[in-house]
Structures are given as structure tokens and as C-alpha cells.
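Here are my comments on the model you sent, set out as numbered points for you to read beside the structure.

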Amino acid sequence: MNEATQTAANEKASPPTRTHAARAYAAASPSAALTAATIQRREPGPEDVWIEILYCGVCHSDLHQVRNEWVAAMPTVYPCVPGHEIVGRVQRVGSAVTKFKPGDLAAVGCMVDSDRVCPECRAGLEQYCPSVTLTYNFPDKHLGGVTYGGYSESIVVDQRFVLRVPANLPPAGAAPLLCAGITTYSPMRHWGIGKDKKVGIAGLGGLGHMGVKFAHALGAHVVVFSTSPGKKEDARRLGADAVVITRDADEMRKHAGSFDFILDTISADHDLNAYLTLLRRDGNLTLVGAPEKPLAVSAFSLIPGRRHLSGSQIGGIRETQEMLDFCGQHNLVCDVEVIPIQKINEAYERLLRSDVKYRFSIDMASLR
Ligand code: NAP
Ligand code: ZN
């Protein structure tokens with residue numbers, strides 16, 4: 001076979017994926033502002049769901065990745081279209097889609113695919129699949145390049161990675177459940193949080209405020225650790241039984257050795273040892289916050305009391321649906337400040353000042 005015939009044969013075997021243009025917001029470099037861009041989305045295949053995006057939450061991970069702060073673990077490929085807290089309306093479905101029909105409310109979180117056969121996938125823990133495809137900044141199997149996230153008017157996703165949104169949840173507040181919600185719900189379920197447990201939530205931002213709501217709904221005694229005195233009243237309204245402003249060393253000491261579980265959602269450098277020593281014997285601190293720089297741990301924060309330090313990454317698809325249904329039953333959504341996409345750069349600056357109550361949710365109508 002000559003080269004031309006070979007090329008023709010290959011094209012016949014796998015025709016190039018057809019695409020359509022979609023409006024989006026993208027960053028061109030770590031120091032560039034996000035600006036309007038046009039991206040390509042694939043035409044839906046048999047298993048795909050085409051979603052018109054209504055709202056997309058703004059996660060601190062978006063900011064870390066746009067600015068390439070996770071360069072060692074996950075270097076950012078530019079242009080970068082972030083966004084993994086997506087709620088929208090189904091526009092079209094492929095011929096084999098059974099879970100959704102046009103007009104349905106649907107959601108997409110941090111993952112859009114995985115290998116589906118590894119032990120993690122078989123256990124419903126796709127977030128730990130070695131071949132997971134995250135919603136943005138991950139190799140795109142269909143189009144080449146990297147995946148583009150939810151700061152966009154639409155997205156096309158395999159039905160297995162699309163979630164159902166309970167009808168009683170307002171979409172702007174439901175969108176951030178797809179990351180802030182599942183990331184706090186999953187470790188609490190894993191570590192058996194419920195009645196008679198004393199739970200600490202470190203950092204009252206997007207993740208932290210959902211951590212408070214879930215811990216309270218699960219029946220735990222909840223203490224918030226915050227650097228922001230102005231958030232004290234809110235913390236109580238959200239479900240905290242007590243609030244500690246962390247710069248008050250006496251207040252911190254009062255809780256020494258008393259916690260069953262602490263969820264650390266802090267996005268910046270901080271002293272982990274100050275929280276580890278608050279754990280009781282066999283207590284556990286789970287890190288979900290992912291600061292740019294490594295955190296120092298003293299052996300003496302863990303050894304006395306046989307304490308655990310662990311991590312947790314979002315949650316699997318099955319558990320994400322369970323979390324959404326739990327929110328539907330308990331009428332839980334995120335407290336959001338709805339912004340137009342044109343305010344996104346200002347929103348990032350406010351995130352860095354811990355000035356958000358408690359999640360920005362982008363109204364995608366502003367992009368159209
Ligand atoms: P966020 O809304 O910005 O909240 C972070 C909170 O941390 C702030 O509101 C602030 O709370 C506290 N904080 C900030 N700087 C601090 C400092 N220097 N010292 C102590 N506390 C500080 O961020 P987010 O969206 O909730 O995300 C939090 C972290 O989780 C990020 O690193 C993000 O990348 C990570 N994340 C991880 C996963 C996962 O799967 N593991 C998923 C999503 C996000 P106070 O004002 O109350 O002090
Ligand atoms: Zn996130």
C-alpha cells in the first residue's frame with residue numbers, strides 16, 4: 001500500500017471527530033487575565049450528552065491551575081478553560097443515551113472519563129483511576145490537545161459522567177456541589193462522620209462552608225476554624241456549634257486532643273501541626289485543600305495519640321449522585337454570589353482575599 005492509500009484507509013477506520021464552535025473564557029498564560037475565546041467541542045457521539053451550561057461554580061482549584069501553581073503535579077497547558085462545577089440543560093443526546101433526554105437538568109463535575117476497567121473504576125472510585133480524564137487541562141481523547149472546562153456556553157460529555165440534579169435545587173447553588181460538595185461529603189462518609197463525632201472544619205470558603213453543612217446534617221458536633229473574624233456569625237448560621245478564630249492561641253488550646261475528625265480545606269500555606277494536635281487518639285485529619293507549597297509535619301504531631309493524616313480527592317460518580325440526592329432530600333445547596341463571566345478576574349482576586357460568601361457561581365447567560 002502506498003502512503004496515500006494508507007492515509008485513506010486510516011481515515012476510513014477512524015473518521016476525524018466532527019466539531020462545533022463554542023464561546024468560552026480562557027487564560028493564555030499563568031499571568032494573563034481570562035478573556036473571551038472560541039473553542040471546539042465534539043459533535044455528540046452515540047453515548048454523549050450535549051449540555052447548554054447555565055451555571056459554573058468558581059473553585060480555588062481553577063485559580064491554582066490557571067496560574068500554574070500545581071506545576072509539579074499537574075502542569076497547565078494553555079489556553080486553559082477552567083471550570084468543573086457545571087449545571088446545565090440537555091440540548092441533544094446521542095442514539096445510545098438512556099439516562100437523559102433534551103430539556104433535562106444535568107450536571108458535570110471534575111471528571112469526564114476514565115478507563116472503566118481498573119480496580120478503582122470497578123469500585124466506583126473513578127477519581128483514583130490512573131487514566132482518569134479530568135474536565136479541563138487533561139489529554140482530550142476525542143479531539144487531541146487538552147479538555148476544556150465549564151467557563152463555556154456548552155459541553156459534550158459521555159452519559160456515564162453526567163449527573164442528575166434534584167428538581168428542588170436551584171441550579172446556581174447546585175453547580176458548586178459538583179466539586180465543593182462532593183469533595184467534603186466523600187471524606188465524611190469514608191471516615192464515618194455522624195452523631196457523637198466532633199468534627200473540625202478548617203477554612204470557611206467554598207469547600208469549608210459545604211463541609212459545615214454536611215457535618216451538621218450528618219449529626220456531628222461542628223467546630224469551624226477560621227482566620228476571618230467577620231465569618232463567625234455565618235459559620236453558626238451554616239450549622240457550626242462553635243467557631244475558633246485561629247490566631248487566638250488560647251481558644252485553639254482549649255480544643256487540644258478532642259477531635260475525631262478535621263477536614264482541612266485551606267488553600268494556602270499554614271501550620272498543619274496546630275490542627276493535628278487537636279485530634280484525639282486515633283483521630284484523623286483529612287487534607288482536601290491543596291496549597292502550592294508542601295506543608296511541614298512534625299512527627300510529634302502524629303506519634304502521640306496514633307493520629308492519622310490523610311488526603312481525599314473529590315468523589316466517584318456513584319457517590320456524587322448520592323451526594324446530590326442527599327442535598328435534594330435535605331434542601332442543601334451552596335451559598336452563592338452569582339457573577340457574570342466578565343467579573344471572573346475580579347472574583348479570583350477576591351478568592352485570594354478570602355472574600356467570598358461562599359462560592360462564586362457564573363451565570364453563563366452572560367457569555368451568550
Ligand atoms: P476558597 O473558597 O478560597 O477557601 C479557602 C479558605 O481557606 C479561605 O476562605 C480561608 O478561610 C482559608 N484560608 C485562605 N488562606 C489562608 C491562610 N493563609 N491561612 C489559613 N487559612 C486560609 O477555596 P476552595 O475553593 O474552598 O478550595 C480550597 C482548597 O481545596 C484549594 O486549595 C483547592 O484547590 C482545594 N480543592 C481540593 C479538592 C480535592 O479533591 N481534594 C477539590 C476542590 C478543591 P477563612 O477565611 O475561614 O480563614
Ligand atoms: Zn474544584
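**Notes on the sheet and the zinc site**

1. In this predicted model, six strands form an open sheet with parallel pairing, and their order is β12-β11-β10-β13-β14-β15. The edges are formed by β12 (242-245) and β15 (308-311), each of which pairs on one side only, while the twist from one strand to the next averages 20°.

2. At the β15 edge, the neighbouring strand β14 (residues 279-287) pairs with β15 in the parallel sense over four bridges. Within this region, threonine 286 has serine 310, in β15, as its bridge partner. As general background, strands of a sheet pair through backbone hydrogen bonds, in either a parallel or an antiparallel sense.

3. Helix α5 lies across three strands, namely β10 (198-202), β13 (259-264) and β14, and runs at about 155° to β13.

4. Turning to the metal, the zinc ion (ligand 2) has as its protein donors Cys59 through SG, His84 through NE2 and Cys179 through SG, at 2.0 to 2.2 Å from the ion. The spacing of these donor residues in sequence is C-x24-H-x94-C. Histidine 84 sits in the loop between α2 (60-66) and β4 (86-93), and cysteine 179 in the loop between α4 (171-174) and α5 (180-190), so this pair ties together parts of the chain that are 95 residues apart in sequence.

5. Are these two donors buried or exposed? Histidine 84 counts as buried because its relative accessibility is 7%, under the 20% cut-off, and cysteine 179, at 5% relative accessibility, counts as buried too.

Note on methods:
Residues are numbered from 1 along each chain as its sequence is written. Chains are lettered from A and ligands numbered from 1 in the order in which they are written. This is a predicted model: local features need pLDDT of at least 70, side-chain atom pairs count only at pLDDT 80 or more; totals for chains, interfaces and linings use all residues. Side-chain values use heavy atoms; hydrogens and water are left out. Donors are N, O and S atoms within 2.8 Å of the metal (3.2 Å for Na, K and Ca); water is not among the atoms, so sites may look incomplete. Helices (H or I, at least four residues) and strands (E, at least two) are DSSP runs, numbered from the N terminus. Buried means under 20% relative accessible area, exposed over 50%, partly exposed in between (1.4 Å probe, protein chains only). Two strands pair if DSSP finds at least two bridges between them. Axes are lines fitted to C-alpha atoms, for helices over the stretch in contact, and angles run from 0 to 180 degrees between N-to-C directions. Contact means heavy atoms within 4.5 Å.
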